[in-house]
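Okay, thanks for making room for me this week. I'd like to walk you through one model and then zoom in on a few of its residues.

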Amino acid sequence: MKPIEQIKQPILDEMELFESKFREAMVTKVPLLNRITHYIVRRKGKQMRPMFVFLVAKMVSNGNFDERTYRGASIIELIHTATLVHDDVVDDSNRRRGFFSVNALWKNKIAVLVGDFLLSKGLLLSIDNEDFDILKLISVAVREMSEGELLQIEKARKLDITEDVYFEIIRQKTATLIAACCGIGAASVGSEPEEIEKMRLFGELIGIAFQIKDDLFDYTNAKIGKPTGIDIKEQKMTLPLIYTLNNCTSKDKKWLINSVKNHNKDKKRVKEVIAFVKENGGIEYTISKMKEYQTKALDILKSYPESTYKESLLIMVNYVIERKI
């Protein structure tokens, strides 16, 4: 059995019901919008974020469940989908999960409006049901995701990113939404504020490990749907490169910065940069940092009694850093 299937096992019924509730949440009176949202729903990904919501909710409440948990999962998926649609516009990307992106099929103006619609749908789902604790968690995540993207763009222009700034960018860009998933999962079943914060932190740690793993793919030859060296081409300063820049001679540092700034479209030069990073310990250091975050996340789970939901979360934490895609 594949890891994702193993993770889903204790919540199969909930995930099935969630999918129908999520589809219902997308329905509108606008035929064009219905066509586009139908297209999006049919090409869903692994749905890891709703899985986090359900598994955390079940683990902290000894298997109990609430209608609020379904709403929390739907809100997360609506917001996540909105950010993906907007990201494809920002990145001028024509593909998403192997299919044409919304902006490729319906152009940027419509894609931006669809993203806005999904975002408002998610927020209204909370407001209409007076889930204000859930609304706060997701609103913080939306704010931080925007800040993280803008911080990355600002730093890419100067290439002056430090390790601390890198971790802040990935915390905001990626980890904050997974943190919201876990916080919302706990909040949806009436957990105390301390427990909600503990699970939010758990999600944040996994999210950081997840993004570090993603950044490592740039230095591998694995077939992951993302060409090797794409981060360098886009002048994204990730941890393997940051570590190497901070631990090489001034001459090599000058060559690296010049390569990323002025020769990032040169395939031969990009390959040389990747080889240099590998030879100078950038990959080993990055893997060790990723495992630090994994260990911290696993430590939080230790405080909970054994259950199938905890077991699935353990598999999830390990899957995040062992995945091949």
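**The overall picture**

So, out of 325 residues in this chain, 52% count as buried. Before anything else, keep in mind that this is a predicted model. Going by secondary structure, the chain has 15 helices and 2 strands. On the outside, about 15800 Å² is exposed, and carbon and sulfur atoms supply 54% of that. As for contacts, take the ones between residues at least 6 apart in sequence: 72% of those join residues at least 24 apart.

Right, on to the charges. Side chains of opposite charge can pair when their charged atoms come close. How many salt bridges does the count come to? It comes to 17 salt bridges.

Let me start with E204, which has a couple of partners. One salt bridge goes from E204 to R171, with the closest N and O atoms 3.6 Å apart. E204 sits in helix α9, residues 193-216, while R171 belongs to helix α8, so this pair ties together parts that are 33 residues apart in sequence. Both E204 and R171 are buried; for E204, the relative accessible area is 12%, and the cut-off for buried is under 20%.

The other partner is R200, which forms a salt bridge with E204 where the closest N and O atoms are 3.0 Å apart. R200 and E204 are 4 residues apart in helix α9, which means about one helical turn separates them. And these pairs belong to something wider: R143, E144, E147, E168, R171, E197, R200 and E204 are linked in a network of salt bridges.

Now for a glutamate that does something else. E163 is in helix α8, which covers residues 163-187. It's buried, yet it has no salt bridge. Why does E163 have no salt bridge with K289? The nearest side chain of opposite charge is K289, 4.2 Å away, and a salt bridge has to be within 4 Å, so the pair doesn't count. What E163 does have is a polar contact, side chain to side chain, with Y285 at 2.7 Å. Setting aside neighbours within four places in sequence, E163 is in contact with L239, I242, Y285 and K289.

So what is K289 paired with? K289 forms a salt bridge with E292, and the closest N and O atoms there are 3.5 Å apart. Those two are 3 residues apart in helix α14, residues 282-301, so again about one helical turn lies between them. K289 is buried, at 16% relative accessible area, whereas E292 is partly exposed, at 38%.

Last stop is helix α6, which takes us away from the charges. Is G122, in that helix, buried or exposed? G122 is buried, with a relative accessible area of 0%. Leaving out residues up to four places away in sequence, G122 touches I75, L78 and I79. G122 and A82 are 40 residues apart in sequence, and their C-alpha atoms are 9.3 Å apart in space.

L124 is in helix α6 too, which runs over residues 102-128. L124 counts as partly exposed, at 45% relative accessibility. Together with I127 and F132, L124 makes a nonpolar surface patch of about 280 Å².

That's my tour. Happy to pull any of these residues up on the screen.

How values were computed: Residues are numbered from 1 along each chain as its sequence is written. This is a predicted model: local features need pLDDT of at least 70, side-chain atom pairs count only at pLDDT 80 or more; totals for chains, interfaces and linings use all residues. Side-chain values use heavy atoms; hydrogens and water are left out. Patches are made of residues with over 30% relative accessible area and no salt bridge: like charges are joined within 9 Å, nonpolar side chains (Val, Leu, Ile, Met, Phe, Trp, Tyr) within 5 Å. Accessible areas come from the Shrake-Rupley method with a 1.4 Å probe; for residues, only the protein chains shown count as cover. Buried means under 20% relative accessible area, exposed over 50%, partly exposed in between (1.4 Å probe, protein chains only). Lys and Arg count as positive and Asp and Glu as negative; His and the chain ends are not counted. A polar contact is a pair of N or O atoms within 3.5 Å; within protein, one must be able to donate a hydrogen and the other to accept it, and residues adjacent in sequence count only if both atoms are side-chain atoms. Contact means heavy atoms within 4.5 Å.
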